[in-house]
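Here are some notes to read alongside the structure, written for someone meeting it for the first time. Please keep the view open while going through the points.

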Amino acid sequence: MTKHCQILGTRAGTGNRVSHSHRKTRRRFNPNLQTKRYWVPSLGRRVTLTLSARGIKTIDRIGIEAAIVRIAKQGEDVA
């Protein structure tokens, strides 16, 4: 699975884990990535996308056809 959202480009962030004594160690903030399949009528097939939870909501709002166009503009491969 890829490590970023295919529609929004959300990637893992970094920061510090802070203990009670205020020591700092590095940590990662991973996005909530899900693998989701959509039926795309214009292609006549199903498409599997790796999306964040917010990316799924974006597709629900703009539609899968507009999302495929947006992903293609970014140079992503639609599998």
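Which residue follows α1, and what is the sign of its phi?

1. The residue that follows α1 is Gly 63, and its phi is positive, near 95°. Please bear in mind throughout that this is a predicted model.

2. Helix α1 covers residues 53-62, and within this helix Gly 55, Ile 56, Thr 58 and Ile 59 are buried. Seen down the axis of α1, these buried residues fall within an arc of 160°, so they line one face of the helix. On the other side of α1, Arg 54, Lys 57, Asp 60 and Arg 61 are exposed.

3. As for what the buried residues of α1 pack against, the partners are β3 (33-40), β4 (45-52) and α2 (64-73).

4. The largest nonpolar core has 15 residues, of which Ile 7, Tyr 38, Leu 49, Leu 51, Ile 59 and Ile 64 touch the most other members. Two or more residues of this core are given by each of β3, β4, α1 and α2, and the largest share, 4 residues, comes from α2. Not counting residues up to four places away in sequence, Ile 64 touches Tyr 38, Trp 39, Val 40, Leu 49 and Ile 59.

5. His 4 deserves a separate look: this residue is found in the segment before β1 (13-18). His 4 has a relative accessible area of 13%, which is under 20% and therefore counts as buried. The side chains of His 4 and Glu 76 are joined by a polar contact of 2.8 Å. Leaving aside neighbours within four places in sequence, His 4 is in contact with Thr 10, Arg 11, Leu 33, Thr 50 and Glu 76.

Notes. Residues numbered from 1 in each chain as written. Predicted model: local features only at pLDDT ≥ 70, side-chain atom pairs only at ≥ 80, totals over all residues. Heavy atoms only, no water. Buried < 20%, exposed > 50% of the residue type's maximum accessible area, 1.4 Å probe, protein only. Arc of directions from axis to C-beta. Contact = heavy atoms within 4.5 Å. Core = buried A, V, L, I, M, F, W, Y, C linked by side-chain atoms within 4.5 Å. Polar contact = N/O pair within 3.5 Å; in protein donor to acceptor, adjacent residues only side chain to side chain.
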